[in-house]
Amino acid sequence: MKNKKEIEIVGDNHFSSSIRTPLRADAFDKSDEEKIENIQYHFKKIMEEMGLDLTDDSLSGTPYRVAKMYVKELFYGLNPVNKPKLSTFENKYGYNKMLVEQNITIDSACEHHFLPIIGYANVAYIPKDKVIGLSKINRLVDYYARRPQVQERLVLQILNDLQTILGTKDVIVSVTAKHLCVSSRGIKDQSSFTTTLEYGGCFTEVEKRNDFLKIIAQEKI
Ligand SMILES: [Zn+2]
């Protein structure tokens, strides 16, 4: 356990220690239902500690609502059983130019403050032997977004998975997002947002990267 000053520094620098989300060995020994029950208990304690009266009709259900939201919605992407099935198809039509899936919604949360990260992702790849259903890319992005995250790790996790699934390094991923921990606390900068970009294969060439950047800069539909 770090001291309080170090804890603040890690949060404000948005430091991430690894490409893998740090998980305990026993992370999924308990069922979702057990987790919801335990989180409900602990969240109730937090609310009580803040002086809230949990016998009030408006507040009494909040611990359950928060617990269910954490396990089933905001952080469902922690559990590998929820990973979308990403079946690929043979690239029968021999399409071998860039395919761009853009403006994919990012609804995530920063792991340092548990506050929302909201924005969008753009993903492109150049097919070799395999192609993937378009909506599968959106689902994969959502899966990795729905866990306590760091934006740098999010793009890397999406990139690595797609490279493996598609059997090519020619993948590029960008995420542009607003962090509520920057806008509503700390520096309280309402206007800034963050972009992260990761790529491999042919996207290490500046012209290929520029082709992608030009497309995602276009007016949205
Ligand atoms: Zn944060």
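**Exercise 1. In which sense do E2 and E5 pair, and over how many bridges?**

Solution. E2 and E5 pair in the parallel sense, over two bridges. Helices (H or I, at least four residues) and strands (E, at least two residues) are DSSP runs numbered from the N terminus. Two strands count as paired if DSSP finds at least two bridges between them. Strands of a sheet pair through backbone hydrogen bonds, either parallel or antiparallel.

The model is a predicted one: local features need pLDDT of at least 70, side-chain atom pairs count only at pLDDT 80 or more, and totals for chains, interfaces and linings use all residues. Residues are numbered from 1 along each chain as its sequence is written.

**Exercise 2. Place E2 and E5 in their sheet, and find which strands stand at the edges.**

Solution. Start with the order: an open sheet of five strands runs E5-E2-E3-E6-E7, with mixed pairing. The edge strands are E5 (148–149) and E7 (194–199); each has a single partner strand, so one side of each is left without a neighbour in the sheet.

**Exercise 3. Describe the surroundings of Cys110, starting from its strand.**

Solution. Step one: Cys110 is found in strand E2, and its bridge partner in E5 is Gln149. Step two: a residue is buried if 20 or more other C-beta atoms lie within 10 Å of its own, exposed if 12 or fewer, and partly exposed in between, with C-beta atoms placed from the backbone. Cys110 has 20 other C-beta atoms within 10 Å and is therefore buried. Step three: contact requires C-beta atoms, placed from the backbone, within 7 Å. Not counting residues up to four places away in sequence, Cys110 touches Leu115, Ile117, Gln149, His179 and Cys181.

**Exercise 4. Which residues carry the UniProt feature "binding site", and how far apart is the largest C-alpha distance among them?**

Solution. The unreviewed UniProt entry places this feature at Cys110, His113 and Cys181. UniProt positions are given in the numbering used here, feature names are shortened, and annotations may be inferred rather than shown by experiment. The residues are spread over 72 residues of sequence, yet they cluster in space, with a largest C-alpha distance of 7.7 Å. His113 lies in the loop between E2 and E3. Because 19 other C-beta atoms lie within 10 Å, His113 is partly exposed. Leaving aside neighbours within four places in sequence, His113 is in contact with Gly11 and Cys181.

**Exercise 5. Compare the expected span of H6 with the distance between its end C-alpha atoms.**

Solution. The expected span is 1.5 Å times one less than the number of residues. For the 16 residues of H6 this gives 22 Å, and the end C-alpha atoms are 23 Å apart, which agrees. Buried residues of H6 include Leu154, Val155, Ile158, Leu159 and Leu162. After H6 comes Gly167, with a positive phi near 65 degrees.

**Exercise 6. Which members of the largest nonpolar core touch the most other members?**

Solution. A nonpolar core is a set of buried Ala, Val, Leu, Ile, Met, Phe, Trp, Tyr and Cys residues joined through C-beta atoms within 7 Å. The largest one has 36 residues, of which Val123, Val141, Ile158, Val171 and Val173 touch the most other members. Elements that each supply at least two residues include helix H4 (62–74), strand E3 (116–125) and helix H6 (151–166). Domain 1 (24–74) and domain 2 (88–216) each give the core at least three residues; the domain bounds come from an automatic or database domain assignment. Beyond four places in sequence, Ile158 touches Val123, Leu140, Val141, Tyr144 and Val173.

Technical notes. Two residues are in contact if their C-beta atoms, placed from the backbone, lie within 7 Å.
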